[in-house]
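Q: I would like a close look at a single part of this protein, the place where two of its helices pack together. Please set that part in the context of the rest of the chain.

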Amino acid sequence: MAFIPGLELSRRFYWEAVRPVLDGSWPGLPHAAALIGSGSETLGFDDEMSTDHGWGPRLQLFLCPEDWMTHAENIDAALRDGLPHSFLGYPTNFSEPDPEDNGVQLLEATVSGPVNHRVETQTIGGFFCGYLNFDIGKEIGTADWLTFPQQKLRTIAAGGIFNDEIGLEDVRSRFSWYPRDVWLYLLAASWARVGQEEHLMGRAGLVGDELGSALIGARLVRDVMRLCFLMERQYAPYAKWFGTAFAQLESAAGLTDVLLAVQRADTWQERDRWLSEAYRVAAGRHNRLGLTEPMPERPFQFFGRPFRVMALHGFAEALLCSVRDPEVAQVAERRPIGSIDQFSDSTDLLEATELRPALRALYG
């Protein structure tokens with residue numbers, strides 16, 4: 001059986017299997033159908049291996065609040081009884097959530113009886129409250145933007161909407177990219193991260209610590225890659241798909257081989273040479289954005305020491321000087337810790353939406 005990407009599978013599942021059940025009992029019911037949120041298929045990065053857990057004919061069905069209260073349970077029952085047991089060769093029945101494996105559900109073939117489907121009927125507000133811990137009735141503030149994990153924002157922006165009669169796309173579009181001044185702040189924080197460690201790679205190497213130097217070099221590679229995502233106005237996904245998504249950026253053409261050379265370097269001197277080239281490419285892309293006055297594109301020696309740096313030219317400071325929004329400017333007056341993604345890569349923190357109110361206090 002040929003693999004079908006999950007987004008396409010879900011689109012067809014809606015139109016060919018779910019929609020007929022809805023039209024049969026609730027003709028004309030306003031709703032939206034989509035696949036957004038968690039899952040490699042929402043990013044378009046799923047493959048045959050993805051089918052072994054949490055993957056399959058599934059989607060979200062969004063209703064207006066009053067219709068959800070009235071019809072959700074009946075729609076669930078109708079789908080259990082009315083959906084086919086397989087669709088395009090894949091079971092539509094899922095196992096119960098595994099409490100010992102983060103609630104993962106697996107495809108389980110059945111031939112009779114009700115289908116334990118994964119058509120999740122909910123409201124738009126309920127989804128965003130659960131996924132981002134955000135009330136869509138409010139404006140998105142600076143502290144909100146800085147505590148929304150990029151990996152979650154990307155799964156919202158990249159997912160598919162198959163039908164929309166109740167304004168799902170309008171809500172989703174609010175999260176499509178950062179406001180300009182928040183974006184400037186995040187760019188500044190990314191350059192600041194480079195500046196915090198760009199001189200340490202060579203210093204570690206000078207005392208014979210090639211392992212430590214290589215580790216710092218790898219961190220700088222990731223910081224440069226994250227900077228490129230921001231400069232190209234693309235949310236970065238979580239670690240599994242970080243390199244795959246980077247390969248789709250325009251920056252990848254000029255940087256992939258350079259960054260691989262940093263990773264493969266045996267000495268800090270070689271690492272320094274390739275990192276300097278990566279900084280040069282990033283600085284050139286920064287200048288093409290036109291967000292600040294033109295900045296130098298050549299690294300220079302760190303206070304006469306034999307390793308080169310770029311962020312010390314003042315990229316972060318120049319970007320912060322361009323911030324005009326008072327709320328963002330107030331945040332920018334403090335240390336440029338950036339967003340949740342820039343000061344932590346803890347999966348537990350990034351996924352813990354219940355901690356977002358506490359994290360917002362960092363910017364208050």
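A: What follows starts with the chain as a whole, turns to the helix pair, and ends with some single residues elsewhere.

The model is predicted. Its protein chain holds 18 helices and eight strands. The C-alpha trace covers about 75 × 45 × 35 Å along its principal axes. Of the 364 residues in the chain, 52% are buried. The exposed surface comes to about 16,900 Å², and carbon and sulfur atoms supply 52% of that area. If contacts are taken between residues at least 6 apart in sequence, 72% of them join residues at least 24 apart.

The part in question is the pair α10 and α11. Helix α10 takes in residues 210-231, and helix α11 takes in residues 239-246. The two pack at an angle of about 65 degrees, and their axes lie 11 Å apart. The crossing of α10 past α11 is left-handed. On the α10 side, the contact is made by Arg222, Met225, Arg226, Cys228 and Phe229. On the α11 side, Phe242, Gly243, Ala245 and Phe246 make it. Sorted by class, this contact has six nonpolar residues, one polar residue and two charged residues.

Cys228, one of the α10 residues in this contact, has a relative accessible area of 1% and counts as buried because that value is under the 20% cut-off. Another cysteine, Cys321, has 58% relative accessibility, so with a cut-off of over 50% it counts as exposed. With a disulfide taken as two cysteine sulfur atoms within 2.5 Å, the count is zero.

Helix α10 also contains Ile216. This residue has a relative accessibility of 16% and is therefore classed as buried, the limit being under 20%. Apart from neighbours within four places in sequence, Ile216 is in contact with Glu197, Leu200, Met201 and Ala204. Along the chain, Met201 and Ile216 are 15 residues apart, while their C-alpha atoms are separated by 5.4 Å.

A further buried helix residue is Ser276, with 5% relative accessibility. Ser276 sits in helix α13, which covers residues 268-289. Residues up to four places away in sequence aside, Ser276 touches Pro299 and Arg308. Arg308 is 32 residues from Ser276 in sequence, yet the C-alpha to C-alpha separation is 6.7 Å.

Two loop residues remain, and their backbone angles deserve a note. Most residues other than glycine have a negative phi. Leu88 is not a glycine, but its phi is positive, at about 50 degrees. Leu88 lies in the loop between β3 (86-87) and β4 (90-91). With a relative accessible area of 29%, Leu88 is partly exposed. Phe303, also a residue other than glycine, has a positive phi near 45 degrees. The loop that holds Phe303 runs between β7 (300-301) and β8 (308-309). Phe303 counts as exposed, because its relative accessibility of 65% is over 50%.

To return to the helix pair: the α10 and α11 contact is a left-handed crossing at about 65 degrees, with six nonpolar residues among those that form it.

Technical notes. Residues are numbered from 1 along each chain as its sequence is written. This is a predicted model: local features need pLDDT of at least 70, side-chain atom pairs count only at pLDDT 80 or more; totals for chains, interfaces and linings use all residues. Side-chain values use heavy atoms; hydrogens and water are left out. Helices (H or I, at least four residues) and strands (E, at least two) are DSSP runs, numbered from the N terminus. Buried means under 20% relative accessible area, exposed over 50%, partly exposed in between (1.4 Å probe, protein chains only). Axes are lines fitted to C-alpha atoms, for helices over the stretch in contact, and angles run from 0 to 180 degrees between N-to-C directions. A crossing is left-handed if the near helix is turned anticlockwise from the far one by less than a right angle, and right-handed if clockwise. Contact means heavy atoms within 4.5 Å. Ala, Val, Leu, Ile, Met, Phe, Trp, Tyr, Cys and Pro count as nonpolar, Asp, Glu, Lys and Arg as charged, and the others, Gly among them, as polar. Accessible areas come from the Shrake-Rupley method with a 1.4 Å probe; for residues, only the protein chains shown count as cover.
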